[in-house]
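Work through the exercises below with the sequence and the model side by side, and attempt each task before reading its solution.

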Amino acid sequence: MDLFSHLDVTSGTAISELADACLLSASQVQKLVSFGLSVGLIIQRDEQFFNSSDAQKLLSRHSAHNMCSAVEHHSRHVYPLFGQLADSLQSGKPISDRLHLSSAQSNTDEFYAELDKSENDFGVFMAAMNTFSTGAGTRIADALSTRVGSAAALRILDLGGGGGQVSIEIAQAIPQAQITLIDLEKATRFARAEVDRNGLGDRILCRPGDIFSRLPLAEADFDVVVISAVLGDWSHDYQVTLLANAHHHLKSGGCLVVSETLLDDDLAGPILPALMSLYVQILTEGGQNFTARSLVALLSGNQFNHIEVQLNRAHGCRDTVLASKAPGAAALASAAHADKV
Ligand SMILES: C[S@@+](CC[C@H](N)C(=O)[O-])C[C@H]1O[C@@H](n2cnc3c(N)ncnc32)[C@H](O)[C@@H]1O
């Protein structure tokens, strides 16, 4: 990241200058530059080096569209654990207690509890989540506008809203939306700062709370409940508890939106959710990416009906599943795949 950020602010740089900027020796930085050249991230003219347009956009900290926080999260919290994937598969357990965060002293194998011990690590994760979730809120807002309309005032509850990216995009796309975001305390501090930075403090309320317990919010008070990139992280019992909470807070006939990256029904891909399945295997107990079929079955078994699956993979974005709160008894599900899967 130092390398690409430095290349971004110079117009052609020599190896010796790059070595100084990255606090590396010339021979070490030469190895990085060789790699960058080989995959097209760096361009060379004479003895001068430049960023490619992709590197400039995605890998320089000075770019508004950079994904540096996602790279940092992966290098701190994910890559160290992937080496122990075989252990995790054999034991059937996550291995996030081996994260070795700055605050050490592990007594939990729960990823979020582990991250919660360090403000800095939690902040890195929240910034990464906001990068991963970019675009998901806009897709949700599009889907909501079609399903429930955007004329009337909409009260929206975002359960496990993380760093606020999804709520912020929804608020920007639906001016009448009033959103309550619930997450762990460190996340809500991060989200509140992002919400304020976007001038949305009067429309998005960030409240600390445990999404698996009864929340201090009125029953049947929300038109929409959003659960984005949360459900698939948890085992079946937790999923059922979370859906019961969503059901409890939705108005009659209200809309549940689940945003997840879905596997094909035959589990043979695409590559992103297949990789993410391994990722949740090492980080969480019982987490697994859904297929459209398994998610529809979960929702219909938990008092939601009129279920509609919108695959967004053509947009490189998380998929969106919408459902209505069914009154009382088990609901009937009808899966209408938006793009005819
Ligand atoms: C993968 S992130 C998704 C964040 C956000 N919804 C998004 O799409 O960007 C999962 C979120 O669930 C939150 N979370 C985990 N356990 C929680 C709990 N018991 N109560 C509230 N939030 C929780 C985490 O802090 C994290 O922000």
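**Exercise 1.** How do the residues of the shell around the ligand divide into nonpolar, polar and charged?

*Solution.* Bear in mind from the start that this is a predicted model. Begin by listing the shell, which holds 17 residues, the closest being Ser133, Gly160, Gly162, Ser228 and Ala229. Then sort the shell by residue class, counting Gly as polar, and the division comes out as 9 nonpolar, 6 polar and 2 charged.

**Exercise 2.** Determine whether the chain is as compact as a globular protein of its length.

*Solution.* First count the secondary structure, which comprises 14 helices and 10 strands. Next compare the radius of gyration, 22 Å, with the 20 Å that the globule rule gives for 341 residues; the two are close, so the chain is as compact as a globular protein of that length. Finally, turn to burial and contacts: 41% of the 341 residues are buried, and of the contacts between residues at least 6 apart in sequence, 65% join residues at least 24 apart.

**Exercise 3.** Describe the surroundings of strand E3.

*Solution.* Locate E3 at residues 154–159 and check burial, which shows that 5 of its 6 residues are buried. Then look for its pairing with strand E4 (residues 177–183), which is parallel and runs over 6 bridges; Asp158 stands opposite Leu181 in E4.

**Exercise 4.** Over which residues is the pLDDT below 50?

*Solution.* Start from the chain average, a pLDDT of 90, with 93% of the residues scoring at least 70. The stretch sought is residues 329–341, which nevertheless has 30 contacts in the model beyond near neighbours in sequence. Where pLDDT is low, predicted coordinates should not be read in detail.

Terms used. Residues numbered from 1 in each chain as written. Predicted model: local features only at pLDDT ≥ 70, side-chain atom pairs only at ≥ 80, totals over all residues. Near = placed C-beta within 6 Å. Helix = DSSP H or I, 4+ residues; strand = E, 2+ residues; numbered from the N terminus. Rg over C-alpha atoms; globule rule 2.2 N^0.38 Å. Buried ≥ 20, exposed ≤ 12 C-beta atoms within 10 Å, placed from the backbone. Contact = placed C-beta atoms within 7 Å. pLDDT = per-residue confidence, 0-100. Pairing = 2+ DSSP bridges.
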